[in-house]
Amino acid sequence: MAYVNVVSPGRVQSWIRKTIKQKINASTWDQLSNRYEFSQTVPKSGMSTVPKEVVHKITDELKMGQFSVTMLAIRKTGAAVIGGSNSAEGKESKPTTKIFSAYFTNQRVPKSLPDMSVSGDMSEFYGIAQATIDMIGNDFVEQTDYDCQRAMIDGCDEFLDSATAWQSSEYGSAINAPQTKTLHPNTYWYAAATGLTKNTWDATYATANTNLATAVDAGIAVTDTFNTKVADQIHLLATRNIIPMGGLGGKSEVNYVLKISDAQWYDWTTDTTASVGWRDLMKYTETGMERLFNGFVGVYKSMMVIVDQRSPVYDVSSSTVGAWQYQTPLADNRVRAVTASNDGTRECFMLMGRGALAMADVMEMDLVRKSRDYEFVKSICGHRKRGTQRLDLDATVAPTSARVNESSLIGLTATSAITV
């Protein structure tokens, strides 16, 4: 015999509250962009200034056929200073410019919603539809992190160098992707015996990556983990080579952002062999900066330290073969393994100064609903237009010579047994 169970509205709300919604914090990369500076307008296409933030967001009104926004930079050239009454005629130095194109494309996250069946009604009762919509935002947060991580290492996000992402929906033919993967020209690896050593860079990605795999396999031992000495050397390199931001988070002395993995943070704070100067980090934990920046743990030698739980790792599978592993919205592809000869992973840190990344942020996330079979079957799709690139204003100049852009560096340390 069928029956109806009548419950109070309060009890219904109690059931709904038991539906746990996973919420991912906003991307730290977005928090490190000029979009978060209330006193500064978002740059339009063609504006020449690089803001003091790490991520230089550029936006523009979408025009027909447009898939890039541009930024103009004036290169620093040598100038001869003329003394006394000597003629300056004919001795002028001509300024040169560099145009940087920040490309973008569509990014979409489709999800199905509960349908109009009996089980679908139950899902609607528990708020599954709204929770599913919220998860789209989570997916884009993870995608933003992945885009920025990959852009720092490979020069651009995954969609800007993939021909499959540049298809004509009308004709189905692929066009050339606007970007090519280029390993970061300022890539370092750490060994206690030699300190930070710079990778032998090459414009061809495969060659530069082979050089890196060969070097870290032979050079990084399992004991070469992140510690205060590494942080000190990173700071020395930064002060000599990286353009400082000149303040961040309301602190004028914060000139750089140092992003490290949770494994590196553990190795640093538990190290007893090197200086324990990391304790100076704690002096900023009561200033409110930890509420402004996700993962913030303190400031060390003008470097704002952020622990990134989605930091990529570098996996070495032989003496000359290595590959980067990332966490994406689809899966965590990182498989940590203890650093060893011809095997194991290496932890990645990133030091960023002014304008390390450029992000063409043309359209914020929008939601589009779709239904079929007389609205019995429902779905929704999150949609945004974005592209992320490493801001190499002098990408064609070898890193051994004078470069206009020295806005960031990356490096590798060992993965210890206890952090696997």
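**Close-up 1. Y256 of strand 7 stands opposite M303 in strand 9.** The model shown is predicted. Strand 7 covers residues 256–261, and strand 9 covers residues 303–308. The two strands pair in the parallel sense, with 6 bridges between them.

**Close-up 2. L258 of strand 7 stands opposite L351 in strand 12.** Strand 12 spans residues 345–352 and pairs with strand 7 over 3 bridges. This pairing is antiparallel, whereas that of strand 7 with strand 9 is parallel.

**Close-up 3. Side chains of strand 7 and their burial.** Strand 7 is mostly covered, with 6 of its 6 residues buried. Y256, L258 and I260 point one way from the strand, while V257, K259 and S261 point the other way. Lys259 and Ser261 are thus listed among the buried residues of strand 7, as are Tyr256 and Leu258.

**Close-up 4. An open sheet of 4 strands in the order 1-13-14-4.** Its pairing is mixed. Strand 1 (55–58) and strand 4 (105–113) are at the edges; each has a single partner strand, so one side of each lacks a neighbour in the sheet. On average, neighbouring strands of this sheet are turned by 30° against each other, direction ignored.

**Close-up 5. Strand 1 beside strand 13.** Strand 13 (residues 357–372) runs parallel to strand 1, and 4 bridges join the two. Within this pair, H56 stands opposite A358 of strand 13.

**Close-up 6. Helix 4 packed on the sheet.** Helix 4 (residues 128–154) touches strand 4, strand 13 and strand 14 (377–390). The direction of helix 4 makes about 20° with that of strand 14.

Technical notes:
Residues numbered from 1 in each chain as written. Predicted model: local features only at pLDDT ≥ 70, side-chain atom pairs only at ≥ 80, totals over all residues. Heavy atoms only, no water. Pairing = 2+ DSSP bridges. Axes fitted to C-alpha atoms, helices over the stretch in contact; angles between N-to-C directions. Contact = heavy atoms within 4.5 Å. Buried < 20%, exposed > 50% of the residue type's maximum accessible area, 1.4 Å probe, protein only.
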